[in-house]
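Visitor: I am new to this structure and would like a close look at a single part. Please take the salt bridges and stay with them for a while.

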Amino acid sequence: MTHILLEKKDHVAIATVNRPKALNALNSEVLNDLNTLLDEIAADPEIRVLVLTGSGEKAFVAGADIGEMSTLTRTEGEAFGKKGNDVFRKLETLPIPAIAAVNGYALGGGCELAMACDIRLCSDTAVFGQPETGLGITPGFGGTQRLARLVGPGMAKQLIYSARNIKADEALRIGLCNAVYPAEELMPAAEKLAETIAKNAPIAVRACKKAINEGLEMPMDEAVALEEKLFGSCFETADQKEGMQAFLEKRRHDPYQNR
Ligand code: CAA
């Protein structure tokens, strides 16, 4: 991977989109690297949480690469959208949780990348937005869908139609991010949250992600039936037995084994 830096600390992987000269803009190469990263993370049984951030102090990701997009034909545009959507869908459906640590501009494809993560934390320098209509295009890596689901259709339509960027405090207010930190505290906070999640029973955490993501796409009767199946499956795990036994014995549970 040329454009992604990957660090693994215990059960947490920290991946940094690293194309700082272009404010980490997503060209085809970066998308290919993200795809490779996600395959590697999904195949690594030690990794329980992914943290995604951008290199440099200015940007998380400043969007899809405008230079690369500028000469696309209709067919090529559709294919580029599919390329991004396929990678972002792989991120959204990654079995383990992903935390976006949004350390600056998260525009267009950058905002869309953050929205494909489970949780968004950001620095007080972060700027979110879908500026695409100002460039003559629609959001193309899932922005019309995920922004509407996250902040509601009315607010999503206002932001997308107006191409207005918003600062961290407004992103927090509308629910586009979960928490805002002074810039230097963002990564420690993201890593701390990742470690906290990684300490909980991994099979249960993965089941929660599946239940929430897939359940939101279903009628409530089917969604609660999915929850019942996943809930039941936890009772076959060693971690459930240890977790409940430890509670009953009034002791701290042993570290969870992911089995
Ligand atoms: N694509 C390609 N290059 C980009 C880029 C992008 N999205 N964003 C920034 N860059 C490049 C700039 O061209 C510049 O390169 P050079 O030094 O070679 O000129 C470098 O990064 C630094 O950028 P600026 O000089 O513009 O930095 P700034 O601090 O003045 O402005 C900014 C920062 C406001 C983020 C500005 O760079 C900007 O507006 N970028 C574009 C943001 C945008 O419109 N993103 C959406 C793209 S469309 C999309 O993403 C579609 C989709 O949904 C799939």
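Is Asp86 buried, partly exposed or exposed?

Guide: This is a predicted model. Asp86 has a relative accessible area of 41%, and because buried means under 20% and exposed means over 50%, Asp86 counts as partly exposed. Its salt-bridge partner is Lys82, and the closest N and O atoms of the two are 2.9 Å apart. Both Lys82 and Asp86 belong to helix H3, which covers residues 74–92. They are four residues apart, or about one turn of the helix.

Helix H3 also takes part in another pair. Glu92 forms a salt bridge with Arg146, with 2.7 Å between the closest N and O atoms. This pair links distant parts of the chain, since Glu92 is in helix H3 while Arg146 is in helix H5 (residues 143–151), 54 residues apart. Arg146 has a relative accessibility of 11%, so it counts as buried.

The next pair is Lys209 with Asp118, whose side chains meet in a salt bridge at 2.9 Å, N to O. Here too distant parts of the chain are linked: Lys209 lies in helix H9 (residues 202–215), and Asp118 lies in the loop between H4 and strand S7 (119–123), with their positions 91 residues apart. Lys209 counts as buried because its relative accessibility is 8%. Asp118, at 28% relative accessibility, counts as partly exposed. Elsewhere, salt bridges that share partners join Lys8, Glu40 and Asp44 into one network. A search of the whole structure finds 14 salt bridges, those described here among them.

A polar contact can be set beside these pairs. The side chains of Glu242 and Arg251 are joined by a polar contact of 2.7 Å. Glu242 is part of helix H11, residues 238–248, and counts as buried because its relative accessibility is 16%.

Charged side chains also appear around the ligand. The shell there has five charged residues, along with 14 nonpolar and four polar ones. Glu112 places a polar side-chain atom 2.6 Å from an oxygen atom of the ligand, and a polar side-chain atom of Glu132 is likewise 2.6 Å from a ligand oxygen atom. The protein covers 62% of the 990 Å² of accessible area that the ligand has on its own.

Note on methods. Residues numbered from 1 in each chain as written. Predicted model: local features only at pLDDT ≥ 70, side-chain atom pairs only at ≥ 80, totals over all residues. Heavy atoms only, no water. Polar contact = N/O pair within 3.5 Å; in protein donor to acceptor, adjacent residues only side chain to side chain. Areas by Shrake-Rupley, 256 points an atom, 1.4 Å probe, with all protein chains shown as cover. Nonpolar A, V, L, I, M, F, W, Y, C, P; charged D, E, K, R; others polar. Helix = DSSP H or I, 4+ residues; strand = E, 2+ residues; numbered from the N terminus. Buried < 20%, exposed > 50% of the residue type's maximum accessible area, 1.4 Å probe, protein only. Salt bridge = Lys/Arg side-chain N within 4 Å of Asp/Glu carboxyl O.
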